[in-house]
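This report describes the overall build of a single chain and then turns to one of its sheets.

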Amino acid sequence: MSPPNLPQRARVVVIGGGIIGCSVAYHLAHMGWKDVVLLERDKLTSGTTWHAAGLMVTFGSTSETSTEMRKYSCDLYEKLEAETGQNTGFRRTGFIEVAADRDRLEEYRRVSAFNRLMGIDVHEISPTEVKDLFPLANVEDLLAGFYVKEDGRADPVGVTMALAKGARQAGATILENVPVIGVKTKRGVATGVITPYGEIEAEYVVNCAGMWARQLGEQLGVAIPNQAAEHYYLITERIPELSKDWPVLEDPSSYVYFREEVGGLMIGLFEPICAPWNVRGIPEDFSFGEIQPDWDRMGPYVEKAMSRVPISMTAGVKKFFCGPESFTPDLRPIVGEAPELKNYFVAAGLNSIGILTGGGLGRVMAHWIINGRPDVDVTAMNIDRLHHYQTTPEYRRTRTVESLGMVYKCHYPTHTMTTARGAKQSPFYERLAARGAYFRDVSGWEGADWYKPEHPTIEQHSWERQHWFPTWEAEHKAAREGVILMDMSFMSKFLVEGRDAGKALNWLSANHVDGPSGQITYTQWLDEAGKLQADLTVCKLADEKFWVVASDTAHRHVETWMKRHLDATDARAHVADLTAAYAQLNIQGPRSRELMQRVTSADMSNEAFPFRHAREIDLGFAKVLCIRITYLGELGYELYIPTEQALHVYDRLIAAGEHVGLVHAGLKTLASCRMEKGYRDYGHDIDNTDSVLEAGLGFAVDLKKEGGFLGKEAVVAQKAAGPLRKRLLQIFIKDPQPLLFHAEIVRRNGEPVGYIRAASYGHTLGGAVGLAMIAAPADGPLDQKWIDAGTWEVEIANTRYPALASLKPLFDPENKKIKQ
C-alpha cells in the first residue's frame with residue numbers, strides 16, 4: 001500500500017474518525033473552514049462507533065445544552081441522506097421510558113416537564129398504553145410510561161459515513177490508516193501533528209480519539225480522564241411477534257433498553273456495577289474489536305432485564321456482545337480547549353450518548369473553534385473542570401465502576417459519587433468527621449454537607465425531605481441568628497504578584513479591583529461579547545499583591561483565563577495557585593464578630609474592620625488573612641490559614657465558640673442562605689451564555705474606571721440597546737411543602753417563561769427558593785412592575801404551586817445585616 005499524500009499544513013487537524021470527529025469536520029467545513037484534515041488511525045468507526053446501539057432519544061436530560069444537542073442531532077441525521085446520498089438508518093419509531101417505582105415516576109415527571117419546555121412532545125402514558133405500543137412488554141408492575149413519538153434510532157456507521165461524505169463534499173480532507181503519534185507544540189500552543197508519514201502544521205488540533213483520547217492527551221500533559229468499560233448487549237434470534245416499527249423501550253430499573261434488530265430483540269444493559277477495561281491503556285491496534293463476555297458476572301443482570309419482555313427468555317441468543325465504551329468521572333462529556341495547551345481542543349468521553357449528541361456536539365465544537373467562544377452553556381462539560389489526579393489508573397479503575405451504572409440509576413438531587421473518594425481532604429477533615437459530618441464530593445474534596453453525629457449517613461436518597469432536613473434547618477437558623485463555622489478549604493485561591501498585577505487584574509475585572517489596599521471586591525470576568533467567564537472576588541493585599549478566590553468548579557477555568565490573558569498582554573505579573581497551601585474557615589452570623597474578638601488582639605469593631613475590609617490578624621500562634629465578606633447574607637469573615645497551622649486555629653475557634661454557641665454548618669446551609677439572598681454561583685445559575693446585566697450583576701460593573709475592562713464595549717452596547725431580553729429572577733414557592741432542585745418550570749399567567757437553574761430551601765423565608773432566567777415579554781420591559789402584574793407558578797412533577805418572583809433578594813434586600 002502506497003503512503004498517503006499528506007498535506008503540509010491545514011487550518012484544523014481532527015484526530016479520530018468516529019462519529020464525533022466526523023461531525024466536527026463536517027461542521028467546520030459547512031461553516032466555511034474548508035482547510036480541515038481528519039486523520040483516522042485505521043478505518044472510520046473502528047473504535048466504538050461501529051458497535052453503538054444508535055438510540056436517538058431526546059427525552060431524559062435536564063440540561064438545556066444536552067437536550068438541544070440531542071434535538072439537533074436528530075434533525076441533522078434525518079436530512080443527511082438527502083444531502084449526501086448516504087443512508088443513515090434514521091427512523092422515528094418512538095421511544096418509551098417506563099417507571100416502575102415512585103421515585104422514578106417523580107424523576108420522569110420532572111424531566112418531562114422540562115423536556116416539553118425545550119420543545120419535546122413527551123406524553124405520560126398508562127401501563128396499558130405502554131402495552132399497546134410494545135405488546136411483548138410485561139407491564140404489571142409499572143406505574144407509567146413516558147412516550148416521545150418523534151424519537152427513534154439510527155445506524156451509527158451510516159450516520160458517520162454520511163457526515164464524512166458531507167465533510168468531503170464541503171471541502172474537508174479525510175484520511176484513513178494515518179495514526180497520529182504526536183502533537184507539535186511551541187510555547188504552550190498546539191502547532192500541528194506528527195504521523196508515521198510526516199507532519200502537518202495546523203492552527204488547531206482537535207482530539208476526537210474516543211477511548212484513546214486520554215493516552216493522546218497524556219503525551220502533552222493534558223488531563224482527559226475518560227476510561228473504557230465493558231458494555232453489553234444481547235441480540236436474540238428472530239421473534240415473529242416483534243415489529244420493526246415498535247418504539248425503543250427503556251426500563252432503567254431493570255438496567256435495560258430494547259429495540260428491534262434484524263427481526264430479533266437487542267437487549268442493551270447498563271448494569272449498576274461495571275467492569276473497567278484495559279486501565280493501563282487501550283491497545284493501539286484494537287479495531288472493530290470485541291471483548292470476551294463475562295457470563296458469570298452478567299447473568300443476573302440479563303435475567304432481570306429479560307423479565308421485562310418475557311418472550312426474550314425463550315427466543316434464543318443469537319449474539320451476546322461485549323465491547324468497550326468510555327466513561328468520565330462525572331458522566332459528563334470532556335469538551336473544549338485544554339487548559340494546558342492553547343488551540344488544542346478535545347471532544348471525548350461521551351458516556352454512551354455519542355451517536356445521540358454527536359451531531360450537536362460537532363456543531364458546538366466548530367462554532368467554538370471558529371468564533372473563539374461557544375454559543376451554548378458549556379460549564380458542565382468543559383474540560384477545564386477536570387483535574388490531573390483523575391487520570392491516575394487507580395482513580396479511573398475505581399470511579400468507572402460507578403460511572404456506567406449511573407446511566408440507569410435514579411438521579412436523585414442529593415446523590416454524590418461514592419467511589420474514588422478521599423482524594424482531597426482539608427486539614428479539618430478528621431475533626432469534622434468526629435462531629436458527625438456527612439461528606440460529599442466537591443470537585444474531589446471531601447466537603448461537609450451537614451452534621452448529624454447520631455446518623456451521618458444516607459442509606460436511601462429521596463426526592464422528599466430526608467432524615468437530615470431538621471439538622472440542616474438548625475444549622476441554617478444558627479447562621480441567621482447566632483454564629484457558624486464552615487470549612488471552605490476547597491475554594492480556589494490564587495496569589496497574583498508583580499508590577500503589573502493590579503493593572504492586569506483591573507483589565508480582566510468588570511469591577512474596579514485596584515483600589516485601596518486591604519479591600520476585597522466582588523467582580524465578574526467577561527469575554528469580548530460581554531458574557532460571563534468568571535464570578536469571583538479579588539482582594540488587594542498590597543500595591544503589587546492580590547488574592548483571587550473562585551469556586552471549586554471554576555478552579556482551572558479561572559487559572560487558565562487569568563494566565564492566558566496576562567501572557568497575551570505581556571503583563572509583569574505571576575499567578576500562584578495556593579489552594580492547597582491555605583485552609584479556609586468561614587465564620588458567619590450575627591455573633592461572628594463576638595467570636596472573632598475572643599480569639600484575636602485585632603480590633604474587630606465595625607469602625608476598625610468594616611465590610612469588605614481585609615487584613616492579616618493574629619489568631620493564637622498563627623497569622624491569618626481575615627476578610628470581612630459573606631456568601632450567606634450575614635455579618636461574617638473568611639479566614640485563610642496556612643495549612644500547617646490550620647488545626648491550631650480551628651481548635652482555638654472551637655474553644656472560644658463554647659461561649660457564644662458556635663455551630664458547625666455544612667454546605668447545605670451555604671446553599672440555602674445564599675439562595676435566600678439571591679447570590680449567584682457560576683456554572684449553576686449563571687453561565688457563559690449570560691451577560692453580566694442579564695445575570696443582575698450590573699451593580700458589580702464599573703463603566704467609569706480608567707482603562708476600561710475586557711468586554712466593556714459589549715456591556716455598553718447592551719445597555720444602550722434598551723430593555724433586556726432576559727433577566728435572572730428569584731423565585732419563591734408560597735407553599736412550604738414542595739422542594740425545588742433544578743429544571744422546574746416557571747410560569748407567568750399560566751405560560752412557561754423559564755426554568756429553575758438552581759434552588760434550595762429557604763428556612764428563613766419558609767419555602768423553596770431558586771433562581772430562574774426569565775424570558776422578557778414581547779410587550780414591554782421585564783421590570784418589577786411587569787413581574788408584579790403577573791400570576792406566578794412553578795410546575796413540579798405535574799403539580800403547579802403559587803410562587804413569588806422578584807428582581808431584588810427576598811431576604812435583607814437592603815444589605816443591612818451584612819454591614820451591621
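The account below moves from the whole chain to a pair of strands.

The model is predicted. Its chain contains 18 helices and 37 strands. With a radius of gyration of 27 Å, close to the 28 Å that the globule rule gives for 820 residues, the chain is as compact as a globular protein of that length. Along the principal axes, its C-alpha atoms fill a box of roughly 80 × 65 × 55 Å.

Burial and contacts add to this picture. Of the 820 residues, 61% count as buried. Where contacts in the chain link residues at least 6 apart in sequence, 72% of them join residues at least 24 apart. The accessible surface amounts to about 30700 Å², and carbon and sulfur atoms account for 49% of that area. As for charge, the chain carries 90 positive and 105 negative side chains, and the centres of these two sets are 4 Å apart.

One sheet can be followed strand by strand. It is an open sheet of six strands with mixed pairing, in the order E28-E29-E30-E27-E21-E31. Strands E28 and E31 form its edges, each pairing on one side only. In general, strands of a sheet pair through backbone hydrogen bonds, either parallel or antiparallel.

The residue ranges of three strands of this sheet are listed here.

| Strand | Residues |
|---|---|
| E28 | 614–619 |
| E29 | 622–627 |
| E31 | 663–664 |

Edge strand E28 pairs with E29 in the antiparallel sense over six bridges. Within this pairing, isoleucine 617 stands opposite valine 624 of E29.

Note on methods:
Residues are numbered from 1 along each chain as its sequence is written. This is a predicted model: local features need pLDDT of at least 70, side-chain atom pairs count only at pLDDT 80 or more; totals for chains, interfaces and linings use all residues. Side-chain values use heavy atoms; hydrogens and water are left out. Helices (H or I, at least four residues) and strands (E, at least two) are DSSP runs, numbered from the N terminus. The radius of gyration is taken over C-alpha atoms; the globule rule is 2.2 Å times the number of residues to the power 0.38. Buried means under 20% relative accessible area, exposed over 50%, partly exposed in between (1.4 Å probe, protein chains only). Contact means heavy atoms within 4.5 Å. Accessible areas come from the Shrake-Rupley method with a 1.4 Å probe; for residues, only the protein chains shown count as cover. Lys and Arg count as positive and Asp and Glu as negative; His and the chain ends are not counted. The place of a charge is taken as NZ of Lys, CZ of Arg, CG of Asp or CD of Glu. Two strands pair if DSSP finds at least two bridges between them.
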